[in-house]
Amino acid sequence: MLTALLFIPLCAGCIMLLWGRAVICRLGLPLTALAHTALAASIAVKVARGEAPSELGGLLAPDALGVLFLMLASLLFLAASFYAVHYLREEERIGEHTNILDHGRFTNAPERRFTACLCFFLGAMTLVTITPHMGAQWVGIEATTLSSAQLIYFHRHKSSLEATWKYLIICSVGIALALLGNILLSVSFHGAEGATGAADGMDQVGWFVRNAALAEPTWLKAAFVFLLVGYGTKMGLAPLHNWLPDAHSQAPSLVSALLSGALLNCAMLGMLRGHQIMLAAGLGGLSGGMLMFFGILSLMTAAIFIVGQGHYKRMLAYSSVEHMGILALGIGVGGVAVPGAMLHAVCHSLTKCMLFLLSGNILARYHTYSSYDVHGMRWTMPATAALWTAGFLAVAGSPPFGLFVSELLIFKGMLAADLPWLSAGYLVLLAIIFVGLSVSVLRMVQGNRPVDLPPANSEPVLSVLPPLVLGLTVLTLGLWIPDWLWNFLNRAAALIGA
């Protein structure tokens, strides 16, 4: 089953690339997503029951932490695939496009290449989440970079090309540093005597955790530093986040939704594996302290750039920097904050995917990235306007949405850990970000209808249904968290210091 989960998107991508007529690509995306989600859900049920599925000699053997991010990636891909059906149809209808920024003419990359790379991207994220092997995980994260770069450059104009190269160069440097971290991790265990477990399992997280007491502390600390900096670059932690606003602003909105909602989680998983080993070695104070430092720095950076931000897709990108910082803070604090961080990862992924899909609707209607030029959405596109407002309230951590609960749990963890100054700074930065987001979002929704736009027509179902479902899910998690989900989040959190 694990092997099928990995190869379904890879095989679907190859079919689209080789024989990809438009009807095959547009039908293949949601079918692939449905098959992947069904398999991922069955694996999640097995792991929740305490089973330990394993295939390919242990190369594929997910735990609760990996399955959590697997399900998020699969569900977000499912939502994006249905959105893509309408999106690709509209792109084909338009034909040759005009760049909003410089008014130059450009065409899109072939649709079969775009849909194939979406499937390859899903396959790479699947490998990252279901393998316990540190080397295979690194390969999967590198594969996400290579496959998603093609997606960012779907609109073939100068701005997207620049963003793609920036993404490739910065993330490749980060991945190279993470590779060095993996090498140093192996060096720290070199010659460990009395190690338990088979020698062929030496590169697996479980082996490192079981034998963490035998590691050489200096090398292990160095390994974590490189893993944090390397995967933190891909995760979007400040000051390593520079690629993120450009890539999100230039990529198609459904790609931005997957980058922010799923890809950042995969990079975070790589970093969490290092933290997991540090905790087992009794060095959790160092790794947790570094996570808290980068977390609060990310919050400060997001607060600076969100206030007055006129580009609404870049605003969402900086919001991702904020929430990656909150996740790092929660995990670094430890204790009760860690289950809160796991809930935060779930709610942030769903909310940010929702908002980026909606930003695509706004861009298609208003033909501008500037929030100053978008107003009167409640008249021109009422469904999108209502969901955009709800999404803003959710991502800003307002009740009764799930992010309010997760941020409150993380704050509770800070108080329990006796970190009053960190707690105060956390609340102040969240308040600043709330104000910055509210100014832009409310300006877009309110106001008079632009004279050059006709009154609202019925909005296509596939452009609003996926964001609606995601938004309702986040709202539900703010009002009621099912026992099975809370137990699963706690099982994942127990691996990283809860």
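**Exercise 1. Work out how helices α8 and α11 pack, and say which residues meet.**

Step 1: Find the two helices. α8 covers residues 217-235 and α11 covers residues 284-306. Helices here are DSSP runs (H or I, at least four residues), numbered from the N terminus. A quick note before going on: this is a predicted model, where local features need pLDDT of at least 70, side-chain atom pairs count only at pLDDT 80 or more, and totals for chains, interfaces and linings use all residues. Residues are numbered from 1 along each chain as its sequence is written, and side-chain values use heavy atoms, with hydrogens and water left out.

Step 2: Get the geometry. Two packed helices are described by the angle between their axes and the distance between the axes. The axes of α8 and α11 come within 11 Å and cross at roughly 25 degrees. Axes are lines fitted to C-alpha atoms, for helices over the stretch in contact, and angles run from 0 to 180 degrees between N-to-C directions.

Step 3: Name the arrangement. Angles under 35 degrees count as roughly parallel, over 145 as roughly antiparallel, 65 to 115 as roughly perpendicular and the rest as oblique. So α8 and α11 are roughly parallel to each other.

Step 4: List who meets whom. Lys221, Phe224, Val225 and Leu228 come from α8, and they meet Leu286, Ser287, Met290, Leu291 and Phe294 of α11. Contact means heavy atoms within 4.5 Å.

**Exercise 2. Do the same for α15 and α17, then zoom in on Thr389.**

Step 1: α15 (residues 382-395) and α17 (residues 420-445) pack at about 175 degrees, and their axes are 10 Å apart. That makes α15 roughly antiparallel to α17.

Step 2: Look at the contacts. On the α15 side, Thr389 is among the residues involved, along with Trp388 and Phe392; on the α17 side, Val441 is one of them.

Step 3: Place Thr389 and Val441. They sit 52 residues apart in sequence, yet C-alpha to C-alpha they are 7.0 Å apart in space.

Step 4: Check how open Thr389 is. Its relative accessibility is 23%, so Thr389 counts as partly exposed. The cut-offs are: buried under 20% relative accessible area, exposed over 50%, partly exposed in between (1.4 Å probe, protein chains only).

**Exercise 3. Is His36 buried or exposed, and what does His36 touch?**

Step 1: Find His36 in helix α2 (residues 22-48).

Step 2: Read its accessibility. At 0%, His36 counts as buried.

Step 3: Skip residues up to four places away in sequence. His36 then touches Leu5, Pro9, Leu70, Ser74, Leu122 and Thr126.

**Exercise 4. Find where the backbone does something unusual in the loops between α8 and α9, α15 and α16, and α16 and α17.**

Step 1: Recall the usual case. Most residues other than glycine have a negative phi, and most peptide bonds are trans.

Step 2: Hunt for cis bonds. The bond from Ala238 to Pro239 is cis, with omega near 5 degrees, and Pro239 is in the loop between α8 and α9 (243-250). The bond from Pro399 to Pro400 is cis too, with omega near 10 degrees; Pro400 is in the loop between α15 and α16.

Step 3: Hunt for positive phi. Asp418 isn't glycine, but its phi is near 60 degrees. Asp418 belongs to the loop between α16 and α17 and, at 61% relative accessibility, counts as exposed.
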